[in-house]
Each structure stands twice: as C-alpha cells, then as structure tokens.
6 protein chains.
Amino acid sequence: MAKAAVLFLLVLLPFSDALKVQDFCIANLLLPSTPAGYPCKPRALATANDFYFRGLAGPGPTVPPFNAALASAYVAQFPALNGLGLGATRVDIARGGVVPLHAHPEGSEILFVLEGTLSAGFVGAETNAAYTKTLNKGDLFVFPQGLLHYQYNLGNATAVVFSAYSSSDPGLQVTDFALFANLLPADVVSKVTFITEAEVMRLKRFFGIRSLPTGQPI
Amino acid sequence: MAKAAVLFLLVLLPFSDALKVQDFCIANLLLPSTPAGYPCKPRALATANDFYFRGLAGPGPTVPPFNAALASAYVAQFPALNGLGLGATRVDIARGGVVPLHAHPEGSEILFVLEGTLSAGFVGAETNAAYTKTLNKGDLFVFPQGLLHYQYNLGNATAVVFSAYSSSDPGLQVTDFALFANLLPADVVSKVTFITEAEVMRLKRFFGIRSLPTGQPI
Amino acid sequence: MAKAAVLFLLVLLPFSDALKVQDFCIANLLLPSTPAGYPCKPRALATANDFYFRGLAGPGPTVPPFNAALASAYVAQFPALNGLGLGATRVDIARGGVVPLHAHPEGSEILFVLEGTLSAGFVGAETNAAYTKTLNKGDLFVFPQGLLHYQYNLGNATAVVFSAYSSSDPGLQVTDFALFANLLPADVVSKVTFITEAEVMRLKRFFGIRSLPTGQPI
Amino acid sequence: MAKAAVLFLLVLLPFSDALKVQDFCIANLLLPSTPAGYPCKPRALATANDFYFRGLAGPGPTVPPFNAALASAYVAQFPALNGLGLGATRVDIARGGVVPLHAHPEGSEILFVLEGTLSAGFVGAETNAAYTKTLNKGDLFVFPQGLLHYQYNLGNATAVVFSAYSSSDPGLQVTDFALFANLLPADVVSKVTFITEAEVMRLKRFFGIRSLPTGQPI
Amino acid sequence: MAKAAVLFLLVLLPFSDALKVQDFCIANLLLPSTPAGYPCKPRALATANDFYFRGLAGPGPTVPPFNAALASAYVAQFPALNGLGLGATRVDIARGGVVPLHAHPEGSEILFVLEGTLSAGFVGAETNAAYTKTLNKGDLFVFPQGLLHYQYNLGNATAVVFSAYSSSDPGLQVTDFALFANLLPADVVSKVTFITEAEVMRLKRFFGIRSLPTGQPI
Amino acid sequence: MAKAAVLFLLVLLPFSDALKVQDFCIANLLLPSTPAGYPCKPRALATANDFYFRGLAGPGPTVPPFNAALASAYVAQFPALNGLGLGATRVDIARGGVVPLHAHPEGSEILFVLEGTLSAGFVGAETNAAYTKTLNKGDLFVFPQGLLHYQYNLGNATAVVFSAYSSSDPGLQVTDFALFANLLPADVVSKVTFITEAEVMRLKRFFGIRSLPTGQPI
C-alpha cells in the first residue's frame, strides 16, 4: 500500500503550478495516454535536459534479418515530444541491408540521408503506382502517411538516414511481421494475401521466432 | 477558348451567395482538391438530391480474384461528404470470397454486418498482435486507422457489410496490389518482403493483368 | 480505504507496457474523459472482443411518444471507438413513428436505410432552406454537423436505419426535450421561441414526465 | 468574355509572391471556399486595414420581432479572420427584446456584457439540464458548441453584448426560423415537434413573412 | 495518507455519470493537463456558475513598468473554457501605458476596444512588414497566431480592450521578459539579439526584479 | 489573352483523374493557398521526383550579419510536403556564427546536430524560464511551437544542423528583423520594448539595410 501511496503522491500532487501555461507538455509516462497524447509532467520539474535526447547519436540495436539498426525518438523515449506533432528515428543500414516494407499508420515521414547510397520507394493508394528513387548523402525524400514504403542499401558502406515524422507516435507496421510474426494461421494469411500456404509457412518460420530489439514478443 | 470560358464562368461566377455560411460544403469536383477537401459548390445550387446517394443500394462491380463486390460512397461519388469526415462502402462477399489484406491510410472503419457470416481481423502495429473475430448479421467491428485488416466469407451465402469511415476519402491500399500490380521489379519486392522471387513472379502474373472495377490501370 | 487502493492499482499500475504504441486507444471509462476522449486502457489487456459490439444487432428500447427505438454505439457503449472519430446508432421506427427534430452538436451523420420507407429532412443554417427526401432501403442521406434534422416512417412496416457519425460522442439534442423536459419556466420558453405559453405548458406536461430509455432524468 | 478575362487575371496572377509564408491568409471572397476556409488573397496586397474592422462599433440592423440588432464580424464581413478560428458579433437588445433560441453548428461562444442586464441560458445535450444566469455589465458567459441557447433583456435600458466564437464562420440556426420560416409543411413540422398544427400555422404566418436584416430570403 | 485518499476519492469516484455525453468538459484543475486540455470535472457537478465568470468586470492588477492592468479568462481561471478553443482577457492601459511587444504561441487574438484610443500593431513573419493602426472605441483588430504585436495608449484617458483568443490557453511570451527577466547571461542575450551588452544589462536590471501580478517569479 | 487561356487550361483541365484518392496532395503553387495548404497538382502528373529534394545537400546562402547559412525545404521549395505537416531546414553556422533569436509561429522544431558543437536555448512563455544546452554531433533538441529560441556555434569549425518542423510552412519571425528591419518608427520600437531609442536607431541602421538571401525586402 505504501508504494502505491507514494506513487499516487508523485503523480497527483504537484499540479497547482501546472495550471498557468501549456507552451509545452512533457509526457508523464506513468499516467495512461489519451487520444491526444500523455498527461503533462508538472511544469516546475521541467529542465533543459527534458528537451534534449542523445539516443540517435549512434546506431540502435540491429534487427538481424534486415541488417539494419533502428533507434527511435518517439514520445516513449523522448517525452518532451508529447503534443508537438514530431518524432524521429535513425536507421543504419549495413551493406546489403534493408528496411523492409512497412507503413506508419499515424504519420508522414521526411527522410534525410546522412551517409551512403540507398534505394527508397513507396506505393500510392488505389493507383498502386510505385515511386522509387536512388538517394545519396544530403537527399530528402517523403513518404506520405499510411502508405507502404521501404529502403535498401545500394552501396558498399553502411547507409545512415535520419527521419522525422508528423507525429510523436507515428506507429510502425512491418508487413512481414504483421503477416508472419503472430498467431494468424497460415491458411488465413494465404487466403487474404494469395501467397501460397507453403511460402507463408516458410516465412512464419523465418520471422516467427524473432523478436524486436526491445525484447517484446512479436 | 469558348469552352474554357464557359467552364470558367460556371466555376467562378456564382460565389457572391456562397459567402454567408458554411454549414455544409458540397464538393465542386471540377476544381482541384486541397489537403482539407474540395472547394465548395455554390450554396444556392444545393438541393436535397445533393445529400442523397443511391449507389450503395445494390452490390458494386465484382473484383474477380476476390469474389467480392465493392461499392463506394466517398467524396468523389457523393460530393456532399466533402469536409464532413465521413465516407461509406458496401461490400458483397460471395461464398468463398475474400476482402484481401488492405489498409486505409487516412481513416478508421466501423463495419456493420448486413447479411451472412464472415471472419474479420486486423493486426496491431509493432506488437503485431492479431485481433480476429467471427461476425454475424448485426455485428459491429472496428478497424483502427492505417492498420492491415481483412474479411472473408465463412458461410454458404453471400455476406454483405456496410462500412463507414472517419474520412470522406480514407484511401485504400490493397497489399497484393501494392506489391504485385505495378512496375516494382520482382527482385525488389522480394528483397523488401523476403517472399521468394518465384512466388513474387507468380503473384505479379496473377495480379498484374487485372484492373480495378472502375477501369483505371492498377 | 482498501477499495480505493485496489481501484487505484487497477487504474494506475499496468502502464509500462502502454508506452510503446498508440495505434488504438480503448477507452478506460473509469478515468475522467478529456476534450480529446478518454484515457486508454492498458494495451496488453486488449482482445478482439474490445473491437466487437453486438448492441446494434436488434432494436434498442422504444421511446414511447415517438414510437421509435434507439440503440447506440458511442464510446460509452463501445470503448474501442475512443479517438477514432466514429460512432453509430440503429433506429427502428415503428409504423407512424418519428425521430423528432434534433441535432448532434459534435458530429455529422450518414444514414443508411436498412428497411422500410421514411421521410428525412434537415434545415440549413441562416438560409433556413429545408432539404427533404423520401428514402427507401439502401439509400444514403447525410446530415451535416449541428443542423436540425428529423425522420419519420412513411410506410406500413417498421423502418430501420443505421447511422454513422464523425465522432465517437456526437451528442444528441432533441429540440422538444431541450424546450419542454427540464426546469426552464414556461414563460421563458415562450419568450425565446414565440410559442404560446399555453402550448408550452401542454408540451411540458407531455414531455416533462417522460424519461429516456436509459433511465436518467430528462 | 473580356470581363471574365479581367476577373481571371485579378484572381490568378499575383500568386508568385504568395508562396513564401502563411502567417496569415486573408480570404479572397471571389474564390470558392473550402472546408478549411477561403483561398488567400495575395500577401503583397495586405495592408493594416485588412486586419481592422469597424462594423461592430454601433448596432447592426434590428430584426423586428425580436427587438434585437445583430452586427457580425465573420469571415464574410472581415476576411482577415479566415483560418484564424475566431469570429465576433455585437448584439444590442432593446428593452423587452430577445435573442431567440438558436445554436451555432460550428463554434462555441464566449459572451461579454458591454451594457445592461440580461438573462442567458443554454440546454445541455441528452441530460437536457438548463443552465441559466442573470448577467450584468462585465460578466462573461459561455455557450458550448452546437447547444441551444438564448438571451433576453431583463432591464429598462438596451443591453449590449460582444460575443466571440471559436470559428470564423460558426453558423447560426435560429430554431424559429428553421421550423417556421421555410417551405416545410405545417403537418411535417407538427409531426416532428409535437407542436399543434394550429400553433405551427400561427408561427409560420408570424415568421414566414420576415426576412433577415441582410435581405436574403429566409 | 488520509488526505491523499480523500483527494483520490474526490478525483476518481464520480465518473459513472460522466460517460453519457461530452457536450462540454469543465476542467478538473486538480488533475494534470494533456495536450488537448484538462480532464473533465464530473458532469453531474456542473452548475450554471461554471459557465459564468466575473473576473473581467474590472481591471486586473497593474504591471508597474507598463502602466497596464491585465485580467485573464483562460482555462486556469475559467475552467468551462476547457476544450472550447476560446479564451479572453481585459487590458486597461493607463494614460501613457503600453502593452509591450509580445506573442501568443498557441492562439490568434481578436481585440475589441471598449474605451479610449490606442495604437496597435503587429509584424508579419519573414516579410517583416509592420501593420499598424490607430484604434478607437468599437474598433476590432486581429493579431494572427504567434506574431509579435503591441498596443499603447494614445489618448488622455485609460484605454480598455477586450480580447478573445482561439485557444483556452494561448500562452503569452513578452519579449522583454523572455530576454531580460531570467537567468540568460547578458552576453548570450547580446549575442543572439545584437543589442549591446550594456543595454542588455540595463534592461536586465530594469525587468529582472519585477514579477507578474500573480506573483510567480519571472 | 492567349497566355491567360493557356494558364487557365493548365490549371483547370486535368482534374478528372484527381478525383479518385488523396493519399498525397502535391502543391500547385500557381493557385492561391488556403488555410490548410495549396490545391493539389493533378495526381496523374506526379512522379518520384516530386517526392525528392536535393536542396539541403549543401549549405544555403549565408545571411551576412549572422555568419549562418539557411537552406529551407518548406512547401514553397518542396511542394510534396503540402498537407503532410512536415518541413525541414539545414543551417550551417560558421565559427562565431549565430542563429539569432526567433520563433516559428506555426510549428514546433526538432533539431539534429550533423556536425560541430553549439549552444541552443529557448524561453518558456509566462514563466520566462530559459532552457539552454550545449549540443554535439548526434544530439537532438526540441523547440516547442511559437517560443523564442536561438543557437550559436561554440566550436572552432562550422556547426551544421538539420531541423524538422511540424508544419510544411512553420513561418519564421526573427526578433531583430521584426523590430529593426521595417518601417516601425524608432520611438515606437523603444516604447514597446524599453530599449533606448539610440540603441534602436543603431540596430535599425545595422539591420535595416540588409536583405534575406532570397532577395525579398525585409
């Protein structure tokens, strides 16, 4: 009981000074989120360090089958982004590596190439037109919200990209993981994708045993 | 020139009476859209018929490989929806038919079963958890924005569903069409999905020659 | 105290796993709402049943003076709608029944006729133009946000409509209830509507004693 | 043709300098509106006078049955409000006068009493609770979006109020005008309001012959 | 512990009746805010007084160096504004007084002159064009969101203005306070403004010792 | 006339194919903007190059007094950003250089350090607290919407930063330019800032003769 009470006090007490302004709203990740983001941490506790994040200074953990390393600066990692409509990631794609087909359900993406050469592409909705481009250091490319896109390394060295998103929590749905890394039976996946059941089974074996770098089951 | 002038007059003249109110904004589909929807048709030209649409009273055209028929009431078909944050479709799924895996980049969906029995499911982002359910007449199910989902007929008769969307233009990206019904080379598709190139080629042949019922190239 | 502590633990503890993504936000109705909706229930507790609702499979309770039965699927009944910008109702209008004049302050409505024949209409703002239409099975009609509208049965059988809204909580203000089913004195109602005080008194007697089907005082 | 061409040039040519910034967007009322407001007038033509409006310095025209005078500063009268989410009105209510029951479908209202004493009230949705208050000079009152509300003069002198809205085009639906000042047949109005047909006919005669001060038919 | 428990009960218990509608959401200032505003106070506790505010009936406290008095009706003072997208202030500018250069990061402002004569101006972004105007009783002026603006008294009597904002918490950043009334070293301020360090020091001494009328340190 | 007609045809004709979807909306900069962005270029004309921009691959033009070079990727330079809620800039700050105090009225900023060492800071509204930090390669920092902020080089080499914004047109108001690079009289600037008139005159001479790199008058 004592622990809950302490947590309770930490969470609910120091709000009197929070009432004045809302020029920013650093997420209090101990409270449940809402459709518009997390409740704000008390303003008086804000320091410059809240607005600072070093997690993209180097590569994140590598996701093995892809030879690509992902580091994220979303609201869960960088709470000052709460309510600001911005998020960021850094992806280091090793030689031969790939960021597999995926979509962000809640945000558009602007990609800036820090190093290397890569191929990027996305597919428009309904027309199914594919927009693909070779990108080099200093190039920008845009992936509109919710559309399937990918990148893969075209060069001999690691390619590094910095991406910003129009949401502090844009979401990430990797098509392979959505199809093969869960309990959907292979015959259902085959039925709704027309991929043969044998190929689905092969990919389920390939993807089903893997986990995301953060360790949560996939 | 005369034609352009006439179009010009039709498009630009009767706006003086449009200035009073904007309790609705029927799309003028002759003018280019904006990120918030189409320009409004002059208010004085609005009649009750603008707010009425009969296009979902029966099945739409069947999309052959799926044995499913789609009829849409989006802003392009039903211009009064412009700016209202609502769209609708009717899908008639024949026995054995399927609405293949797809996502709506710009809207959530609420599905109401009019007839029959079907299986519906979607996959959450990042966790990749699958949420699946058998649905019968009168059931509601919800697909959150941008997430991959599907339905297929479980019964012996045609299943019919009415869906509403939180956008008058939610978009539709069918995973199979995005992967196989465009000019993306098979090796690229294989590289970013890990599906074998042979299977990609088979599916490109299967989907590449088909067109959507409205006849636009896919 | 023990009860509060238990509630406290239920409410505040399991949030660590809620931090990862927000591709959906099932309402936790035990916590207070915000202008953007309810706080999210912990993600790890989500199951397919959260996205499923059977409450519109049959008619709701009948509201006696109207001979119409209303069943709702708003966030309070169907918490998965939280933050998705969608709600739904089913209305069964008996022979001779009516959905009386009302408005939804927070959402537009798209109406789909499931059975029967009815008359639907709404009134534009400022111009006061009335847009009315006879609707049959399969017809769609749209009521833009906040405008007064109505429906009544034109046929010999029950008419049934399914409506979707651009909000998970569009609100409902029935003009008769707003005028006659509360403590506003009859002379005030007469003064601000120009309806005679005698007629107001008659209608207050008619409506004042009734309650909504959910039993809250009106 | 020449006129159309000239209008065309005025409307389409000077946009090259409009591309730089959008810190404001003064409405070009000659072009059709969109769901997010009017297209912007070329920035280079903006002067301080665009941001200035004197139309609320005195009473607007009186609406006879109400003994109230309405002056509006919406986007149609004050184009600089376009896209800013703000509108304003001034209402002068003569002794015995009333602002009859009405709602704003697209905006909330904050009312500030400039002179006099009045009664103000609104009705909540579903609960139908009435919130009423006597207001004096300097008082603020708030009417949430889309809810029915009214004011009437309680004193011996003219009461004057300044109201601001959360929209540059909040709309105005006067219940009496919506019910009685259009072509809706009396029996339909009676059916959907339960007001007797005789009283509806009396009110149609009373309101049906009047026009709004701006002269448009009601 | 007992106090926390009582607070806890007050805060969390009476929500069952809050679930029905959200036609308004009076802020519960005891709970932390979110990016979309404060959690709602239980609906059953709402009374007409919640929608009423008398704090702008007279001048607020004077801010000494400016000879201007500010009274605010934002969500922190007037909780019913929560989620409505509206706020208000009253400023009384004594003879010779000034509302110094400032911006509202989160809202646009519409200013209505209640008494007196003043000069108002704002500066556009990038073009840096200044839009200035002499304003008299009854005049409206608009300051678009986030742009630097000011007012000063031009007459011999106190000028009084009522302003409404497109946010219930528009924020206020006074340029002088931002530059001179905090711990930013004078050389840094000089470096990023090109104002001489001597002048910065003079202004730091002038502003650094003052506090806002609410007493919080500046 | 012929030219206008040709422009007219280019602008208005090819919209029939634009009606299908709006998964993106590339700005047509020849048409006037709206509060939600520019009208869309016809979809059929979209190519991969529309989503690609090379303008941040090197430094932009140097702004002389600051020893900093600014390159922008806003909607005016990169039309595919229209409606996506994203913009970007690259700033190269030479040794001793500074990005002077400024604010973005319409967007928040996330800054990623590409090279060098710099000091960054912003000032909160009302509290006037300053949040400052030394940043090195790979660091992220956030400036919430509308708040005054700055950066200056702390090292011996050029510092380079990539910033993304939550708007495709966030705006830029440099405090010095707003105060000193326009026609506001020195006594007015002094009156609303309390900077001495002599210092204002010095700064007007310093800034008044300069122009932005794009050549528009400041």
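This is a short tour of one interface and one sheet in the structure you have open. Keep in mind that the model is predicted.

**Stop 1: chains F and A**

Colour chain F and chain A differently and show where they touch. Chain F brings 50 residues to the contact, and chain A brings 50 residues as well. How much area is buried between chain F and chain A? The value is about 4,000 Å², with 70% of it coming from carbon and sulfur atoms.

**Stop 2: bridges across the interface**

Next, select R54(A) and D139(F) and show their side chains. These two residues form a salt bridge, with 2.1 Å between the closest N and O atoms. Across the interface of chain F and chain A there are two salt bridges. You can also look for polar contacts here: 16 residue pairs are counted between chain F and chain A.

Which elements of chain F give two or more residues to the side that touches chain A? Select β1 (52-53), β6 (109-115), β8 (130-135), β9 (140-143) and β11 (159-165) of chain F to see them. Of these, β8(F) gives the most, with five residues. Now colour this side of chain F by residue type: you should find 30 nonpolar residues, eleven polar ones and nine charged ones.

**Stop 3: a strand pair between the chains**

Switch to a cartoon view and select β1 (residues 52-53) of chain A together with β9(F). The two strands pair in the antiparallel sense over two bridges. Zoom in on Y52(A), and you will find F141(F) of β9(F) opposite.

**Stop 4: the symmetry**

Zoom out until chain F and chain A are both in view. A rotation of 180°, with 0.0 Å of shift along its axis, places chain F on chain A with an RMSD of 0.0 Å. This is the relation of a two-fold axis. Both copies use the same surface, as 100% of the contact residues of chain F recur in chain A.

**Stop 5: a sheet with strands from chains B and C**

Finally, hide chains F and A and show chains B and C. Follow an open sheet of seven strands, paired antiparallel, in the order β1(B)-β9(C)-β6(C)-β11(C)-β4(C)-β3(C)-β2(C). Which strands stand at the edges? They are β1 (52-53) of chain B and β2 (62-63) of chain C; each has a single partner strand, so one side of each is left without a neighbour in the sheet.

Inside this sheet, select β6 (residues 109-115) and β11 (residues 159-165) of chain C, which pair in the antiparallel sense over six bridges. To end the tour, pick E109(C) and find its bridge partner in β11(C), Y165(C).

Definitions and conventions
Residues are numbered from 1 along each chain as its sequence is written. Chains are lettered from A and ligands numbered from 1 in the order in which they are written. This is a predicted model: local features need pLDDT of at least 70, side-chain atom pairs count only at pLDDT 80 or more; totals for chains, interfaces and linings use all residues. Side-chain values use heavy atoms; hydrogens and water are left out. Contact means heavy atoms within 4.5 Å. Buried area is the accessible area (1.4 Å probe) that two parts lose on being put together, summed over both. A salt bridge is a side-chain nitrogen of Lys or Arg within 4 Å of a carboxyl oxygen of Asp or Glu. A polar contact is a pair of N or O atoms within 3.5 Å; within protein, one must be able to donate a hydrogen and the other to accept it, and residues adjacent in sequence count only if both atoms are side-chain atoms. Helices (H or I, at least four residues) and strands (E, at least two) are DSSP runs, numbered from the N terminus. Ala, Val, Leu, Ile, Met, Phe, Trp, Tyr, Cys and Pro count as nonpolar, Asp, Glu, Lys and Arg as charged, and the others, Gly among them, as polar. Two strands pair if DSSP finds at least two bridges between them. Copies are superposed by least squares on the C-alpha atoms of residues with pLDDT of at least 70 in both.
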